[in-house]
Amino acid sequence: MANSPAARRTKIVATIGPATQEPEVLTEVLRAGVDVTRLNLAHGLTHTQRELVPSIRAIAAELGRVVGILADLPGPKMRTGPIEEGVVSIEEGHRLLLTHEDVPGTAERVSTTVDGLAKIVGPGDEIFFGDGSIVVTVVSSHGSEVVTEVKRGGLLRSRKGMHVPGSERKVEAFTQDDRDALEFACSFGVDFVGLSFVRDADDIRRARKYAAAHRHIPSFVAKIETRAAVDNLAEIVREADAVMVARGDLGIQMPLRNMPLLQKEIISTCNRAGKPVITATEMLESMTQSPLPTRAEVSDVANAVIDGTDAVMLSGETAVGEYPVETVKAMADIAVSAETLEAQQVEVTPALDDDPVSWAIARAAVHAAEDLNVSAILCPTRSGATARRVAAFRPRMPVLGLAHREETAGLLALIWGVVPFVAPFLPEGKVATEAVERAVAVARRANLVHSGELVAVVAGGPEPRAGSTDFVRIVAA
């Protein structure tokens, strides 16, 4: 395949923040291999974030690349308030009072953003701070104050996250901040929206309904980060457009020893359903301050790729890290190396109501392409569904998602093995033969395939039913 941009099949999602938001650095990060940019809206909407969306798109266009945009909603985040000196030592065995009053934090009393904390927790409940390094046990509550005993001490900094395992049913999952952030995301036409604190399929439906009122419905990424989400994994995967293994909060909600098996279970469930999945949190954390990853991090990224993840994600490493470009390059190198193992064919078992004819055609197309050792599988697509279905079976050859709308191409940026390509000059053919000829011509003009190479073309027929996949042709380019 000529000048293949598909040497790496696993996609890279990178969070854009202070370390990468300047145009020069952003350009280098995208050039290094970022497929989807992530905007973290947890700290509110800023002028810089509003400027980032058009900036990312302009830079991607200059580089001749399709880069998706993921806006991550804040969710019902529980946080501590400001600490008097910026940081305080919380001593094991001491009492710590949590209050909703706006007071500077000390070793004896810390404020929290949670107004009804006393109604959420009870005696014996554990509360985790930050990444779980500090743990307190609830002793009693009085009005808006909760008395705790420090079980595991440490240094507490201002505005750190708080986690109460099992409390997700007692809080509102889709907050006003989420609504504001989703409205922002819809107004800019982002490709993906990350839903925090998802508990069941209804949480996704609620967000989808709200987005529909704003004339743009992005693809929704359900973040698996609560015990309830694990319990309802099958229904969440079915309803979501994509899923994220959010290992940070999930590692607090669930025993850490269970995380490797949980990660494999979530990835496997998504693979079988034909839904894209992102593995996230602390993948190359040491590169926030180091130009090289640790051996354990290299193994972590490689194992996620081998497990079958569609994408691996960088958070603080690219948002605030000292080596964002080097981090992206390292992740790309690790992914390519891990992909040298023979990709395992995935037995996809989509929901019965998810167009079984289209899935059957996609499966047959991949089997034929493998048997005939074609150079590429071309997928002219209106909605992106054809390319997603074909890629779900993990073919050895690249899948070219030929989309005639930029919005569709952006969605394909997250899909394993798919090379998104915008082909605005690819109108629907009146018959299948015409659609095949035009798809091959587009791929040849873009230098994506060589003349004479054998390729498979998978697409929907000429009827205007977006999302259908009903024919496959094997032709010479």
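## A first look

Which residue takes a positive phi just after α10? That would be Gly 308, with a phi of about 110 degrees. Keep in mind as you look around that this is a predicted model.

## The whole protein

Let's start with the big picture. The protein holds 16 helices and 22 strands. Its radius of gyration is 23 Å, close to the 23 Å that the globule rule gives for 477 residues, so the protein is as compact as a globular protein of that length. Follow the C-alpha trace along its principal axes and you get spans of about 75 × 45 × 40 Å.

What about inside and outside? Of the 477 residues, 55% count as buried. The accessible surface comes to about 20000 Å², and carbon and sulfur atoms make up 51% of that. As for who touches whom, take the contacts with a separation of 6 or more: 69% of them are between residues 24 or more positions apart.

## Helix α10

Now zoom in on α10, which runs over residues 295–307. With 13 residues, this helix reaches 18 Å from its first C-alpha to its last, close to the 18 Å expected at 1.5 Å a residue. Gly 308, the residue from the opening question, comes just after α10.

Which residues of α10 are buried? They are Glu 297, Val 301, Ala 302, Ala 304, Val 305 and Asp 307. The elements covering them include α9, β16 (277–280), β17 (311–314) and α12 (324–338).

## Helix α13

Further along the chain, α13 takes up residues 356–372. This one has 17 residues and reaches 24 Å between its first and last C-alpha, close to the 24 Å expected at 1.5 Å a residue. After α13 comes Asn 373, and its phi is positive, near 55 degrees.

The buried residues here are Ser 358, Trp 359, Ala 362, Ala 365, Val 366, Ala 369 and Glu 370. They cover an arc of only 125 degrees around the axis, which puts them on the same side of α13. A bit of helix geometry helps here: an α-helix has 3.6 residues a turn, so residues three or four places apart point the same way.

And what sits on the other side of α13? There you'll find Pro 356, Val 357 and Asp 371, which are exposed. The buried residues, meanwhile, pack against two helices and three strands: α9 (259–273) and α14 (385–392), plus β18 (376–381), β21 (454–459) and β22 (471–476). You may recognise α9, since it is also among the elements covering the buried residues of α10.

Terms used: Residues are numbered from 1 along each chain as its sequence is written. This is a predicted model: local features need pLDDT of at least 70, side-chain atom pairs count only at pLDDT 80 or more; totals for chains, interfaces and linings use all residues. Side-chain values use heavy atoms; hydrogens and water are left out. Helices (H or I, at least four residues) and strands (E, at least two) are DSSP runs, numbered from the N terminus. The expected span of a helix is 1.5 Å times one less than its number of residues. Buried means under 20% relative accessible area, exposed over 50%, partly exposed in between (1.4 Å probe, protein chains only). The arc is that of the directions from the helix axis to the C-beta atoms. Contact means heavy atoms within 4.5 Å. The radius of gyration is taken over C-alpha atoms; the globule rule is 2.2 Å times the number of residues to the power 0.38. Accessible areas come from the Shrake-Rupley method with a 1.4 Å probe; for residues, only the protein chains shown count as cover.
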